[in-house]
Structures are given as C-alpha cells and as structure tokens.
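Please open the model in your viewer and keep the selection tool ready, as this tour moves from one selection to the next.

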Amino acid sequence: MNSFPAYFYTGIKPKAKKVLLELQDNGIEFYSDDQKYFWEYSKILPSIGNDSKKIIITFGKNHPQDYIEIIDENAIQYLHQYHANSFFQKNSNVKAIGCFISLILAIILSILLAYYILLPWMSHKIVKHFPKELESKLGEVTMATYLADKTKIDSGKSALLQEYFNELHLNGNDTVKIYYFKDSIVNAFAVPGAHIVIYEGLLNKMTSYTQLAALFGHEYAHIAKKHSIYNIAKNISLSSLSSILFGDVTGFGGLILNNAQSIKTLEYSREFESEADTEAFKFLTSRNIDPKGILSLFELLESESKKNTVIPQFLSTHPLNSTRIKSIETLLKNHTFTEEKHIKLDSLFIKIIN
C-alpha cells in the first residue's frame, strides 16, 4: 500500500481537507488546494499512543502545527506493520506518569526497607559495637539531673536496695548502681551504664520481696540487652545512623549524649518489654525465687492504673498489656521451678519499705 486517504489540517482554525497520501522512501507526499506537500519521516512528530482506529501525525515548527488524521483501517494496519517507527511513538504522558509512579513506589519501598530492615539492622550493629566508655558516659549524663538534688536521694535506702540487688546475683560483669528516689510517683527505670532508679511511690505499693525481685530482674534485663541505647539509636535519623557505619563514632556519640535526657521517657517496644519479662522469669527461677512475683507486680500496676485518673509513670514507659500477662502465665504453666524462702531478701525488703 503506497497511497491511502487521510485528512489534512492547517491554519489557526483548520478544517479537514481530504488528501491522498503517497508513501515515499524518505517521507510522505500529498496535495492540498493544488499545493504540493512533502513531509520527511525524520521531521514528522509520530502519533501518540497506539490507537487502532486513528493516527494523528504533526509536522513543522510553526504554531499551530499542521497535522494529518488517518482513519482508514487498512492504512492504519499497514502503517503499524511496516512503518511503526515513523508513524508511532509511545505516549509520553503515559510514560512520564509510569516513571513517576515507579519513582514513588521505589521511594516508598526504600523507606519501608530502611525502617523495617535497614534501620533495625543498623541499630543492632551499633548496639553490638557500642563503646563501653560511651555507655558509661551516657549513664553519667542521664543520672546527673537526679544526683544534683541530694535531698531527693535516700542514701540509706539506696544502700539497702543495693544490698538487695547484690543478693540477687543478677549483674554478671556489670557493676549496677541502685538509687532510691524520694518521690510519690509510681515509677522505676534503667539507665545505660548500669544504673537503676526506683521511686518511693512504687516501693510503697509493693507487698512482697518477690515483686521487688521481679522488678529488678525486669529492669536489669533492659540494661543487659541495651534496650535504651537501641531505642535512642532507632529514634535518631537514618542519616545519622549511617555515619557510624563509616567510622564516625565520635559524631554519633555526641548525638547519643544529646539525647541522654530522653532515656527516662523512652517507651519500650512490646518486643523489648516481653524480652525483659522473659529474662526476669529466667532470673527468678534460676535463683529459686517465686516467679509469680512478676504477675503480682503486674496486678499491682494494673490496680494503680484503675484507681488513679493519671496513669502511673511506670506504665507510660513500660506499657502493660494482656499479651505480656498471658506470656508470663504460659511460662508459669509450662515450666517447673523450685521455690525457696529467701529470708535475707525478705528481711531487706521489710527494711526498705518501712
């Protein structure tokens, strides 16, 4: 097929003019109003899309551009088969939209990959290789605000709590420092560098030495597993985390220290809380201390949250949920343990709460 009918449009308000297109080796030729036109293939702006019912090609740089409309089915089929490169191009808008959507999906995928895979991996890597000296410094900076007001620290009861903790033999190679903080709020928290702060308000609610043992087991697990450092590392931007992988330990250390005061308000994840609960269970059973003290502690905290309109601060940073309680109940059900009466722990507990 070397010739076929089409409609030619030219001018500001073009009207369709029927023409006969002649296919040449390097372009198309046609006549309109006794004027000869020749459009080189190389200068034709191909039809957008892949329409099987209509082809529109434009030509020239003047505006408005001249264009030809081809609606003959046989011609369209022939051009698709033999002159696709000259008469057709992919829809640039569709292509652009497709590229944009692909870019957005790639960004979303990158964010999800960073948040759910890369960020936890980097955080774990940082925690694993976190310098002991920096961890100690972080603890000192955090504790400085508490130790500044000496009237808030009961040194006598801090010593009793320290003796109690030492009697548990939880700390392995860590030298854990215990502080009795005189405040009525129901709270306790662990600080990197092996510090544990327990508030008078929480101790005054306790009724057994097993509850205190459970609390110490839980808080020490946060220290041993470096949960606070992991939380801070995760909360700092991904770009900041990247610096540590390239050796900028000092810069990252500065960021960590600048966030030291946020440790006491960091809310542990369910994963960390469950891990601390399980570790506390292991601590207690390995020392023949009744692990039901964990459930008893949970019941105390739940009771406090129901009695007060303001939730105990301990629960704001150590959120309690039914899953944690059920997990401990399952551990109690599925594990056999030997319970012994720990007279010294009981005696120290009585001294602490009185």
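## Two helices in contact

Begin by selecting Lys292, Ile294, Leu295, Phe298 and Glu302 in helix 12, which meet Arg324, Ile325, Ile328, Glu329 and Leu332 in helix 14; contact here means heavy atoms within 4.5 Å, and helices (H or I, at least four residues) and strands (E, at least two) are DSSP runs, numbered from the N terminus. Sorted by class, this contact has six nonpolar, no polar and four charged residues, where Ala, Val, Leu, Ile, Met, Phe, Trp, Tyr, Cys and Pro count as nonpolar, Asp, Glu, Lys and Arg as charged, and the others, Gly among them, as polar.

This is a predicted model, in which local features need pLDDT of at least 70 and side-chain atom pairs count only at pLDDT 80 or more, while totals for chains, interfaces and linings use all residues. Residues are numbered from 1 along each chain as its sequence is written, and side-chain values use heavy atoms, with hydrogens and water left out.

Now show residues 292–307 as helix 12 and residues 322–334 as helix 14, whose axes come within 10 Å and cross at roughly 155°; axes are lines fitted to C-alpha atoms, for helices over the stretch in contact, and angles run from 0 to 180 degrees between N-to-C directions. That angle makes helix 12 roughly antiparallel to helix 14, a label used for angles over 145 degrees.

## A sheet and the helix across it

Next, select strands 10, 12 and 11, which form an open sheet in that order, 10-12-11, with mixed pairing; two strands pair if DSSP finds at least two bridges between them. The edge strands are strand 10 (177–181) and strand 11 (188–191), each of which pairs on one side only, and the twist averages 15° from one strand to the next.

Which strand does strand 10 run parallel to? Strand 12 (residues 195–199) is joined to strand 10 by five bridges, and the two run parallel; label Tyr179 to find that this residue stands opposite Val197 in strand 12. Then add helix 5 (residues 155–168), which lies across strand 10 and strand 12 and runs at about 140° to strand 10.

## Back towards the start of the numbering

Finally, select strand 1 (residues 3–9) and strand 2 (residues 17–23), which run antiparallel and are joined by six bridges, with Lys18 in strand 2 as the bridge partner of Tyr7. From strand 2, a hairpin leads through three residues to strand 3, and in strand 3 (residues 27–32) the bridge partner of Leu23 is Ile28.

Terms used. Angles under 35 degrees count as roughly parallel, over 145 as roughly antiparallel, 65 to 115 as roughly perpendicular and the rest as oblique.
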